[in-house]
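This report walks through a two-chain model. The sequence and structure come next.

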Amino acid sequence: MADERAFKLRIITPDRVFYEGEAIMVELRTTEGEIGVLKNHIPLTCIVAPGILRIRESDDVTKTAALISGFVQILQDEVTILAEVIEWPEEIDVKRAEEARIRAERRLAEKASGTNLKRAELALQRSVARIEAARK
Amino acid sequence: MASMRDIKRRKTSIQSTQQITKAMKLVSTVKLQRAKARAERSKTYFGAMYDTVHDIIARTGHMDNPYVSERDSNRKAVIVITSNRGLAGGYNSNIVKMVAGSGLDRKEVDIYAIGKKGRDLLKRRGFEIKVDHSEVINEPLFSDAMHIADEVLESYRAGEVGELWLAYTGFKNTVSHIPTLIKLLPVDDETVPGEGDGGSDDSSETDKKSSAGSRAGSDEPKVSLSLMNYEPEETEALELIIPKYVSSLIYGALIEAVASENGARMQAMDSATSNAEEMIGTLELQYNRARQGHITQELTEIIGGAEALSS
């Protein structure tokens, strides 16, 4: 199926090629906010923030994954995501993520100082992203 | 000439050693296969990672960023990756020799040791071992590399160390492993290209080329460079990417080191096994000769005795 809106998408992790194929739209969260990428996007490199990655392969097939950290390189007809941590919904341990979320929330409630606060916030983002991705 | 019993005893002992070396060779062959496959799977990632960092640095030139500019401290952190177990030929001593002979002053060096053998050898040579992560090398995970990178970067940011080096054995193919020493930080524009050639991973060259080629109509690298936008902008992005860069290089080095270790052990055990074979052959010959001599002597004695009786 040669969809003219399709572009090449590669998701690479240090251990494997996570995904390789064609997509017509990719949605993900960056440090600057949520973005959706279509074909012929201007070349852009941005940093990933923990969130859900949606890969629309065709009009009615959408895949989701929990994208935790890494960065994205967008070229006109090719998108490469260098992900350190990324998981398909079925790989996520929901129980563990739930526990991590509660732990992080408690830590935030305690108002820990400086770096700890930041770490707890990140942990919360990570766990929420995992839980949401697993729910889909 | 040694007695028959001595020779026989020696032969059995060599035979059992040979069995051990043979088994170790088989084990490391299997492990090598696995490590090699793993190293190949990760190469794409490092190629792309290298590309991006290289790209950003080339675009921004000299900037006021702690990861790029020179630091005041003249202490150097060296991450040394060796193995936990010996019997791998020159694998560990080559790395140690390279670090010791690299011109780095041992008084200015903090060693971050990964691998017991390298740690002990360097300690004996008078290097200061700051941190020991030897357990990692058995089964390197990306989170281990991240953890080590965090630790090193922390002391780098705090100004405790001014330079960051990485020493490991690069895996070229099954029989050739190259001890490599590369400078990770500060990244200056001149060292960046050399770094890729000398170290990270030789085969990422091809990845680099392919991804460079795919970059929108790149007749000239400059053109493609100016097309890329960064969000957040370069300096900020660099600050976020450099830790990832360092940890992925460390991870790549760990994986290659594991492959090299098993390759080196396989070779060492292979030659040990064939040496044993040779020694067994020689002893076999000696044993047969001794046995023959023994029989001849007994015969002479019997004949001598019979002749003495009959006469």
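Two residues are in contact if their C-beta atoms, placed from the backbone, lie within 7 Å. The model is predicted.

**Between the chains**

The contact between the chains takes 23 residues from chain A and 23 residues from chain B. On the side of chain A that touches chain B, strand 5 (44-47), strand 7 and strand 8 (78-87) of chain A each supply at least two residues. By class, this side of chain A has 11 nonpolar, seven polar and five charged residues.

Strand pairing also links the chains. Strand 5 of chain A pairs with strand 6 (residues 229-231) of chain B in the parallel sense, over three bridges. Thr45(A) has Tyr230(B) as its bridge partner there.

**Chain A and its domains**

The domain assignment splits chain A into domain 1 (7-89) and domain 2 (93-135). Their centres, taken over C-alpha atoms, are 23 Å apart. In the contact between them, 10 residues of domain 1 of chain A meet seven residues of domain 2 of chain A.

Which strands supply the side of domain 1 of chain A that touches domain 2 of chain A? Strand 6 (51-58) and strand 7 (61-75) of chain A each supply at least two residues. Strand 7 of chain A gives the most, with four residues. The side of domain 1 of chain A that touches domain 2 of chain A has seven nonpolar, two polar and one charged residues. Strand 7 of chain A also supplies at least two residues of the side of chain A that touches chain B.

**Chain B: overall build**

Chain B has eight helices and six strands. Along the sequence they follow the pattern α-β-α-β-α-β-α-β-β-α-α-α-β-α. Of its 311 residues, 38% count as buried. Among contacts in chain B with a separation of 6 or more, 76% join residues 24 or more positions apart.

**Strand pairs**

The table sets out three strand pairs, one of them between the chains.

| Strand pair | Sense | Bridges |
|---|---|---|
| Strand 2 and strand 3 of chain B | parallel | four bridges |
| Strand 4 and strand 5 of chain B | antiparallel | eight bridges |
| Strand 5 of chain A and strand 6 of chain B | parallel | three bridges |

Strand 2 of chain B covers residues 109-114, and strand 3 of chain B covers residues 128-132. Within this pair, Ile111(B) has Ile129(B) as its bridge partner. The chain passes from strand 2 through helix 3 to strand 3 of chain B, and this β-α-β crossover is right-handed.

Strand 4 and strand 5 of chain B are joined by a hairpin through five residues. Ala167(B) stands opposite Leu181(B) in strand 5 of chain B.

**Helix 2 of chain B**

Helix 2 of chain B spans residues 91-100, and its buried residues are Tyr91(B), Asn92(B), Ile95(B), Val96(B) and Val99(B). Where do they sit around the helix axis? They fall within an arc of 130 degrees seen down the axis of helix 2 of chain B, so they line one face of the helix. An α-helix has 3.6 residues a turn, so residues three or four places apart point the same way.

These buried residues pack against two helices and three strands of chain B: helix 3 (116-124), helix 8 (234-310), strand 1 (76-81), strand 4 (163-171) and strand 5 (177-185).

**Lys116(B)**

Lys116(B) lies in helix 3 of chain B. Is Lys116(B) buried or partly exposed? Lys116(B) counts as partly exposed because it has 18 C-beta neighbours inside 10 Å, while a buried residue needs 20 or more.

Leaving out residues up to four places away in sequence, Lys116(B) touches Asn84(B) and Ser134(B). From Lys116(B) to Asp132(B) the distance is 8.2 Å, C-alpha to C-alpha, with their positions 16 residues apart in sequence.

**Two positive phi values**

Most residues other than glycine have a negative phi. Asn40(A) has a positive phi, near 65 degrees. Asn40(A) lies in the loop between strand 4 (33-37) and strand 5 of chain A. With 10 C-beta neighbours inside 10 Å, Asn40(A) counts as exposed.

Leu87(B) also has a positive phi, of about 55 degrees. Leu87(B) is found in the loop between strand 1 and helix 2 of chain B. It has 15 C-beta neighbours inside 10 Å, so Leu87(B) counts as partly exposed.

Technical notes:
Residues are numbered from 1 along each chain as its sequence is written. Chains are lettered from A and ligands numbered from 1 in the order in which they are written. This is a predicted model: local features need pLDDT of at least 70, side-chain atom pairs count only at pLDDT 80 or more; totals for chains, interfaces and linings use all residues. A residue is buried if 20 or more other C-beta atoms lie within 10 Å of its own, exposed if 12 or fewer, and partly exposed in between; C-beta atoms are placed from the backbone. The arc is that of the directions from the helix axis to the C-beta atoms. Domain bounds come from an automatic or database domain assignment. Ala, Val, Leu, Ile, Met, Phe, Trp, Tyr, Cys and Pro count as nonpolar, Asp, Glu, Lys and Arg as charged, and the others, Gly among them, as polar. Two strands pair if DSSP finds at least two bridges between them. A crossover is right-handed if, with the strands pointing away from the viewer, the path from the first strand over the helix to the second runs clockwise.
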